[in-house]
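I am opening a notebook on a structure that is new to me. My plan is to look things up one at a time and write down what I find.

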Amino acid sequence: MIQKLYDWIDERIDVAPIWRDIADHEVPEHVNPAYHFSAFVYCFGGLTFFVVVIQVLSGMFLTMYYVPDIENAWKSVYYLQSQVAHGQIVRGMHHWGASVVIVMLLLHTMRVFFQGAYKKPRELNWMVGVLIFFVMLGLGFTGYLLPWDNKAYFATQVGLDIANQVPFIGPELKTLLAGDPKIVGAQTLTRFFAIHVFFLPGALFALLAVHFILIRRQGIAGPL
Ligand code: HEM
């Protein structure tokens, strides 16, 4: 059945070369933990990606219930937690995943740094990584406000005050993020929601595509 489906598709769009490119790509011995146990450090990038996928999937389900306005945001999260089947699990995955992904990201970045894998010819991919890092921090910052509880509200106020201190463009940056120069309010929540679910995920996918294309073109660094 599966073979038939594969043949049907292959006859029309010639998938064999694409599949061969993925399946026949050899994993170098020095990154394979079956040969050297310490090679498990090379898994951190893939594990980071795994958590990113969990964040995207759980986030998609959260947006089916979340209401991005100041009257209903907290209520919608409470409803999801207390009434919706498996809502607590999905929210829990997204909540804890947001921290786990940063830990994985740090481990991955440390692996690349301490092995010197950022050196020529991989400087460009390191720079792409730095952009990814800021995007991930931005996702954490904007997502934190969305439940619209006290902790979220006041933490965001502190974050925006920090943005306000950026030399030269501080006040403009704060207004751009908050929507309102004076208070964290309705405009801020809508804006953070849009940044959290559209702008930053879009930027992340584009950057990750470049990251992975560069890894395929350059191969994995090492052995040491
Ligand atoms: C969501 C975030 C990220 C994901 C999913 C990701 C994924 C990956 C994967 C799967 C690899 C292949 C080797 C490995 O797994 O270690 C890799 C390599 C690499 N990553 Fe990332 N990465 C991310 C963020 C970053 C960051 C923040 C940096 C640096 C600031 C970075 C720099 C690099 C470099 C330079 C390589 C090539 C290393 C080599 O060839 O040994 N990455 N990344």
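**Entry 1: a loop residue.** I started at H86, which sits in the loop between α4 and α5. The model is predicted. I looked up the backbone angle of H86 and found a positive phi, near 65 degrees, in a residue other than glycine. I noted the background: most residues other than glycine have a negative phi. Is H86 buried or exposed? H86 is exposed, because its relative accessible area is 60% and the cut-off for exposed is over 50%.

**Entry 2: other positive phi values.** I checked F168 next. F168 lies in the loop between α7 and α8. Its phi is positive, about 70 degrees, although F168 is not a glycine. F168 has a relative accessible area of 84%, so it counts as exposed. I also noted D14, the residue that follows α1. The phi of D14 is positive too, near 50 degrees.

**Entry 3: cis peptide bonds.** I turned to omega. The background here is that most peptide bonds are trans. The bond from K120 to P121 is cis, with omega near 10 degrees. P121 belongs to the loop between α5 and α6 (123-145). The bond from G222 to P223 is also cis, and its omega is near 0 degrees. P223 falls in the segment after α9.

**Entry 4: the whole chain.** I stepped back for the overall picture. The protein chain has nine helices and zero strands. I asked how much of the chain is buried. Of its 224 residues, 31% count as buried. The C-alpha atoms fill a box of roughly 55 × 50 × 35 Å along the principal axes.

**Entry 5: the helix at the start.** I checked the length of α1, residues 2-13. At 1.5 Å a residue, its twelve residues should span 16 Å. The end C-alpha atoms are 16 Å apart, which agrees. How many residues of α1 are buried? The number is zero, so α1 lies largely in the open.

**Entry 6: what the record says.** I looked at UniProt, where the entry is unreviewed. It lists residues 5-224 as "domain: Cytochrome b/b6 N-terminal region profile". In the model, that span is 70% helix and 0% strand. Its end C-alpha atoms are 44 Å apart. The unreviewed entry also lists "transmembrane region" for residues 39-67, 96-114, 126-146 and 193-215. I compared two of these with the model. Residues 39-67 are 66% helix and 0% strand, with the end C-alpha atoms 44 Å apart. Residues 96-114 are 100% helix and 0% strand, and their end C-alpha atoms lie 27 Å apart.

**Entry 7: salt bridges.** I searched the whole structure and found two salt bridges. One joins the side chains of R216 and D21, at 3.3 Å from N to O. This pair links distant parts of the chain: R216 is in helix α9, D21 is in helix α2 (residues 16-23), and 195 residues separate them. R216 is partly exposed at 37% relative accessible area. D21 is partly exposed as well, at 47%.

D161 and K174 also form a salt bridge, with the closest N and O atoms 3.6 Å apart. This pair links helix α7 (residues 150-164), which holds D161, to helix α8 (residues 170-178), which holds K174. The two residues are 13 apart in sequence. Buried or exposed, I asked of K174? K174 counts as buried, because its relative accessibility is 15% and buried means under 20%. D161 is partly exposed at 39%.

**Entry 8: a buried histidine.** I moved to H196 in helix α9 (residues 186-218). H196 has 14% relative accessibility, so it counts as buried. What does its side chain reach? It reaches the backbone oxygen of L139 at 3.0 Å. It also reaches the backbone nitrogen of G143 at 3.2 Å.

**Entry 9: a pair apart in sequence.** N72 lies in the loop between α3 (44-62) and α4 (73-82). N72 and W148 are 76 residues apart in sequence, and their C-alpha atoms are 9.1 Å apart in space. N72 is partly exposed, with a relative accessible area of 30%.

**Entry 10: a surface patch.** Last, I looked for nonpolar surface. V103, L106, L107, M110, F113 and F114 make a nonpolar patch of about 570 Å². V103 is in helix α5 (residues 87-114). V103 is partly exposed, at 47% relative accessibility. I added one general note: an α-helix has 3.6 residues a turn, so residues three or four places apart point the same way.

Notes
Residues numbered from 1 in each chain as written. Predicted model: local features only at pLDDT ≥ 70, side-chain atom pairs only at ≥ 80, totals over all residues. Heavy atoms only, no water. Patch = residues over 30% accessible without salt bridge, like charges linked within 9 Å, V, L, I, M, F, W, Y side chains within 5 Å. Areas by Shrake-Rupley, 256 points an atom, 1.4 Å probe, with all protein chains shown as cover. Salt bridge = Lys/Arg side-chain N within 4 Å of Asp/Glu carboxyl O. Helix = DSSP H or I, 4+ residues; strand = E, 2+ residues; numbered from the N terminus. Buried < 20%, exposed > 50% of the residue type's maximum accessible area, 1.4 Å probe, protein only. UniProt positions renumbered as here; feature names shortened; annotations may be inferred. Expected span 1.5 Å × (residues − 1). Polar contact = N/O pair within 3.5 Å; in protein donor to acceptor, adjacent residues only side chain to side chain.
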